[in-house]
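Biologist: Could you take a close look at the charged side chains in this one for me? I'd like to know who pairs with whom, and what sits around them.

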Amino acid sequence: MKKILSVFLIIAFVIAQSLPILALSNESHGFGYKKSEGETPPDLGFYAPLIEKYNGYYMGNPNEKKIYLTFDNGYEEGYTGMILDVLKEKQVPATFFLTGHYVDDEPELTKRMVNEGHIIGNHSDKHLDYTAASDEKVKKDLKTLDEKITTVTSQDHVKFFRPAKGVFSERTLDLTNKLGYVNVFWTVALVDWNTGEKKGWEQAYRGVIDQIHPGAVVLLHAVSEDNAEALSHLIDDLRKRGYEFASLDELLWDELLPF
């Protein structure tokens with residue numbers, strides 16, 4: 001009987017080894033959403049459950065009037081200092097998603113972000129499309145930027161990740177999640193990265209206000225002069241509407257401790 005059982009187990013093992021491993025989809029997605037009105041969250045379609053499946057975030061509690069400010073910095077146009085001045089004056093926390101190029105070129109601004117209580121997230125060292133990179137290349141890219149951040153600043157580790165250009169796949173969500181990162185997307189954003197298209201701070205202001213909702217994760221690019229000039233007005237007016245500003249760390253704690 002033991003011999004029969006042993007033979008059966010060996011056969012089962014051989015069959016299992018011969019079966020193809022079902023790989024996660026690497027279909028590339030460019031994150032986006034359908035805008036809504038009346039301070040209600042946008043429609044993310046199938047992106048929402050896919051991101052949640054791998055412990056990622058795109059917004060906070062839609063029943064709490066909290067806003068999470070995030071900035072993407074790939075290079076410097078001279079406005080980040082102004083943004084930091086406003087955040088300090090208004091006592092508002094933010095998360096800055098940086099590339100390796102930014103940390104290399106702007107170590108003092110990078111230090112200032114952390115010294116003034118903000119969080120730095122990983123935005124890919126080389127601003128890579130991870131869906132077109134091998135697992136090993138992704139791991140190396142993440143590690144390289146993490147080491148730059150922790151070497152330049154007093155931040156001892158990097159937990160938040162935002163994919164370059166918002167491009168991701170189920171495979172990259174799974175990989176970054178397994179590496180210990182929290183993927184962070186957004187529910188409010190502007191076409192604000194074209195540095196040659198100054199439209200005035202009022203347009204940037206209106207672009208955020210028209211999309212705002214409880215729990216919003218707001219994405220702004222720090223290369224925009226319009227954003228820098230609109231920021232103070234946005235903070236003041238959103239507070240008048242009853243909103244408060246929280247950090248991504250608080251978002252995680254709120255999820256862990258919902259009471």
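Modeller: One yardstick before we dig in: a residue is buried under 20% relative accessible area, exposed over 50%, and partly exposed in between. Take D85: its relative accessibility is 43%, so it counts as partly exposed. Keep in mind that this is a predicted model. The chain's mean pLDDT is 90, with 88% of residues reaching 70 or more. A stretch to be careful with is residues 12-20, where pLDDT is below 50 and the model has zero contacts beyond near neighbours in sequence. Residues 4-9 are also a spot to watch, since pLDDT stays under 50 there and contacts beyond four places in sequence number zero. Where pLDDT is low, the predicted coordinates shouldn't be read in detail.

Now to the charges. How many salt bridges does the structure hold? The count is 17, and I'll walk you through some of them.

Let's stay with D85. Its side chain meets that of R112 in a salt bridge, with 2.5 Å from N to O. D85 belongs to helix 3 (residues 80-90) and R112 to helix 5 (residues 107-115), so this pair ties together parts 27 residues apart in sequence. The arginine is partly exposed as well, because its relative accessibility comes out at 21%. And there's a third player: E116 is linked with D85 and R112 in a network of salt bridges.

Next up is K53 with E170, whose closest N and O atoms are 3.0 Å apart in a salt bridge. This pair links distant parts of the chain, 117 residues apart: K53 is in helix 2 (residues 47-53), and E170 is in helix 7 (residues 170-178). Which partner is buried and which is exposed? K53 counts as exposed because its relative accessibility is 54%, whereas E170, at 15%, counts as buried.

Then there's D125 and K148, a salt bridge at 2.9 Å from N to O. Here the partners are 23 residues apart, with D125 in the loop between strand 4 (119-122) and helix 6 (135-152), and K148 in helix 6 itself. D125 is buried, as its relative accessible area is 8%. K148 has 22%, so it's partly exposed.

Since we're in helix 6, have a look at another acid there, D146. At 14% relative accessibility, D146 counts as buried. Its side chain makes a polar contact of 2.9 Å with the side chain of N122. Setting aside residues up to four places away in sequence, D146 touches N122, V158 and Y181. If you want a distance to check on your screen, the C-alpha atoms of D146 and D156 are 9.3 Å apart, with their positions ten residues apart along the chain.

For an uncharged polar side chain to set beside that one, try N183 in strand 7 (residues 182-183). N183 counts as buried because its relative accessibility is 2%. A polar contact of 2.8 Å joins its side chain to that of T176. Leaving aside neighbours within four places in sequence, the contacts of N183 include G56, Y57, F161 and P163.

Finally, the greasy surroundings. In soluble globular proteins, nonpolar side chains tend to be buried together. Here, the largest nonpolar core has 39 residues, and L69, F71, L87, F96 and I212 have the most contacts inside it. Helix 9 supplies the largest share of this core, six residues. One of those well-connected residues, F96, touches F71, I83, L84, L87 and M113, among others beyond four places in sequence. A separate core of 27 residues lies apart from the largest one, and L44, Y54, Y68 and F97 are among its members.

Helix 9 turns up again around helix 8 (residues 201-209). The buried residues of helix 8 are A204, Y205, G207, V208 and I209. Their cover includes strand 8 (188-189), strand 9 (217-221) and helix 9 (225-240).

Conventions:
Residues are numbered from 1 along each chain as its sequence is written. This is a predicted model: local features need pLDDT of at least 70, side-chain atom pairs count only at pLDDT 80 or more; totals for chains, interfaces and linings use all residues. Side-chain values use heavy atoms; hydrogens and water are left out. Helices (H or I, at least four residues) and strands (E, at least two) are DSSP runs, numbered from the N terminus. Buried means under 20% relative accessible area, exposed over 50%, partly exposed in between (1.4 Å probe, protein chains only). A polar contact is a pair of N or O atoms within 3.5 Å; within protein, one must be able to donate a hydrogen and the other to accept it, and residues adjacent in sequence count only if both atoms are side-chain atoms. Contact means heavy atoms within 4.5 Å. pLDDT is the predictor's confidence in each residue, from 0 to 100. A salt bridge is a side-chain nitrogen of Lys or Arg within 4 Å of a carboxyl oxygen of Asp or Glu. A nonpolar core is a set of buried Ala, Val, Leu, Ile, Met, Phe, Trp, Tyr and Cys residues joined through side-chain atoms within 4.5 Å.
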